[in-house]
Amino acid sequence: MANSIVGPAGIVTISGALMKPQKKNGHKCGSYMIATHRTAQTTNPNCQRIYVKTADAFQRSTPVKETEILQRARFATVASAVNTRLHDTSKQQADIAAWRAQKDLVGGKTTLKSYIWSLELDAYDQQHQG
């Protein structure tokens, strides 16, 4: 059976952040609590939910593997290359034209950013796998 929370008189529902995490070194760390209230009509009168995330949940339980370090490096390198290419005015017109030519094909990338990601990811893989 679910526990119910009864608020003070006059307060019907609570929604939003009840307890926010502390900021440490530019990162949010620690516990937080969020309350939600669903307004859709259902047969269940208990539409109020509270979610709690404790500080322990942020601690990693396993060491970082070598494959994960390589995946992180791959993602960071490709993300940087995508950002650089999207802002490079000398390649924008050609990239947009190539993207438009393939976007309606089967298996085509529907957004310009996903198209550039696929190009840069393929280029990274060719450089580091071959």
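**Figure 1. Met19 of the first strand pair has its bridge partner, Met33, in strand β4.** This is a predicted model, in which local features need pLDDT of at least 70 and side-chain atom pairs count only at pLDDT 80 or more, while totals for chains, interfaces and linings use all residues. Residues are numbered from 1 along each chain as its sequence is written, and side-chain values use heavy atoms, with hydrogens and water left out. Strand β4 covers residues 32-37 and pairs with β1 in the antiparallel sense, over three bridges. Gly16 also has a bridge partner in β4, namely Ala35. Strands (E, at least two residues) and helices (H or I, at least four) are DSSP runs numbered from the N terminus, and two strands pair if DSSP finds at least two bridges between them.

**Figure 2. Three strands make an open sheet in the order β1-β4-β5.** The pairing in this sheet is antiparallel. Its edge strands, β1 (16-19) and β5 (48-53), each pair on one side only. Between β4 and β5, which run antiparallel, there are six bridges. Thr36 belongs to this pairing, with Arg49 in β5 as its bridge partner.

**Figure 3. Phe75 and Trp117 form the one aromatic pair of the structure.** The ring centres are 5.4 Å apart and the planes meet at 35 degrees, which makes the pair tilted. Rings of Phe, Tyr and Trp (its six-membered ring) pair if their centres lie within 6.5 Å; planes under 30 degrees apart are stacked, over 60 edge-to-face, and the rest tilted. Phe75 sits in helix α1 (residues 66-86) and Trp117 in helix α3 (residues 112-129), so the pair ties together parts 42 residues apart in sequence. Phe75 is exposed, at 53% relative accessible area, whereas Trp117 is partly exposed, at 22%. Buried means under 20%, exposed over 50%, and partly exposed in between (1.4 Å probe, protein chains only).

**Figure 4. Arg85 of helix α1 makes a side-chain polar contact with Glu120.** The contact runs from side chain to side chain at 3.1 Å; such a contact is a pair of N or O atoms within 3.5 Å, one able to donate a hydrogen and the other to accept it. Arg85 has a relative accessibility of 18% and counts as buried. Leaving aside residues up to four places away in sequence, Arg85 touches Lys91, Asp95, Ile116, Leu119 and Glu120. A contact means heavy atoms within 4.5 Å.

**Figure 5. The buried residues of helix α3 pack against α1 and α2 (89-102).** These buried residues are Tyr115, Ile116, Ser118, Glu120 and Tyr124. Helix α3 has 18 residues and should span 26 Å at 1.5 Å a residue; its end C-alpha atoms are 25 Å apart, which agrees. The expected span is 1.5 Å times one less than the number of residues.

**Figure 6. The whole chain, with three helices and five strands.** Read from the N terminus, the elements run β-β-β-β-β-α-α-α. The chain has 130 residues, of which 11% are buried. Among contacts between residues at least 6 apart in sequence, 31% join residues at least 24 apart.
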